[in-house]
Amino acid sequence: MDNIIVAIDGPAGSGKSTIAKLIAKKFNFTYIDTGAMYRMITLYLLENNIDFDDLKEIEKALKNINLDMQGDKFYLNNTDVSTKIREKRINENVSKVASIKIVRDNLVNLQRKISNNKNVILDGRDIGTVVFPNAKVKIFLVATAEERARRRYNEFLEKKTEITYDEVLKSLKERDYIDSTRKESPLKKADDAIELDTTNLTIEDVINFIAKEIEKNIN
């Protein structure tokens, strides 16, 4: 049997990472959190005061960046940055960094390399359209902006981050705009992806739906 690649795409807060992790566990697939990769690059650029428009400096920086993922832990140059990459400043800048062509090219190559000869599930904005257009299973998760903001806001509350719901909603709408209008690999549903609106669904509902699609390709 060929290796199975499951691509889950969708806007911020649609539940991609939560679902992808649980599906990976259920089927014993390798989970690749592509969003965390872009967050780690964003963190490095911010901490080293590298201008997002300075492509020469970014190209240089990419050569000095080593990313590693072990379960729920994310390492940037051997330092655990799992908490840092979820900070508000990263949320506000990650879409800008993800729209930089050399960053995308670098990470797409890395994502393909990590996925080689494995059963994998990846979530992001362009997995089914750019990274793995031939993925066996493609799911495009959506939810209303208000519901996605509510989920993100609750995540911030759990981490005791001081932020209002309105700020989260505004930031999320800005990210949606940047992600869907950027020149490089914009957020869009692949023609052969199945769209699933998670607004009123439980996590279990979504997992069961995707699991059935995967099982069709395993059996």
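Me: Buried means under 20% relative accessible area, exposed over 50%, and partly exposed in between (1.4 Å probe, protein chains only). Is R150 buried, exposed or partly exposed?

Reply: This is a predicted model, where local features need pLDDT of at least 70, side-chain atom pairs count only at pLDDT 80 or more, and totals for chains, interfaces and linings use all residues. Residues are numbered from 1 along each chain as its sequence is written, and side-chain values use heavy atoms, with hydrogens and water left out. R150 has a relative accessible area of 39%, so R150 is partly exposed.

Me: Which residue forms a salt bridge with R150?

Reply: A salt bridge puts a side-chain nitrogen of Lys or Arg within 4 Å of a carboxyl oxygen of Asp or Glu. Both partners lie in helix α7 (residues 145–158), 3 residues apart, about one turn of the helix. Here the closest N and O atoms are 2.7 Å apart, and the partner of R150 is E147.

Me: Which arginine meets E147 in a salt bridge at 3.0 Å?

Reply: E147 is buried, because its relative accessible area is 14%. This arginine is buried too. The two are 4 residues apart in helix α7, so about one helical turn separates them. The side chain that meets E147 at 3.0 Å, N to O, belongs to R151.

Me: How many residues apart in sequence are the parts tied together by R86 and D33?

Reply: The side chains of R86 and D33 meet in a salt bridge of 3.4 Å, N to O. R86 is in the loop between β5 (79–80) and α4 (88–98), and D33 is in strand β2 (residues 30–33), so the pair joins parts at a sequence separation of 53 residues.

Me: Is D33 buried or exposed?

Reply: Its partner R86 is partly exposed, because its relative accessible area is 24%. D33 has 2% relative accessibility, so D33 counts as buried.

Me: Where does UniProt place the feature "binding site"?

Reply: The UniProt entry is unreviewed; its positions use the numbering here, feature names are shortened, and annotations may be inferred rather than shown by experiment. The largest pocket's lining includes P11, A12, G13, S14, G15, K16, S17 and T18. The feature covers G10, P11, A12, G13, S14, G15, K16, S17 and T18.

Me: What is the distance from the backbone oxygen of P11 to a polar atom of the side chain of K16?

Reply: K16 lies in helix α1. At 7% relative accessibility, K16 is buried. Its contacts (heavy atoms within 4.5 Å) include P11 and D123. The backbone oxygen of P11 and that polar atom of K16 are separated by 3.0 Å.

Conventions: 1 Å grid on protein atoms, 1.4 Å probe; cavity = no way out; pocket = protein on both sides within 12 Å on 5 of 7 lines; lining within 4 Å. Polar contact = N/O pair within 3.5 Å; in protein donor to acceptor, adjacent residues only side chain to side chain. Lists of a residue's contacts leave out its neighbours within four places in sequence.
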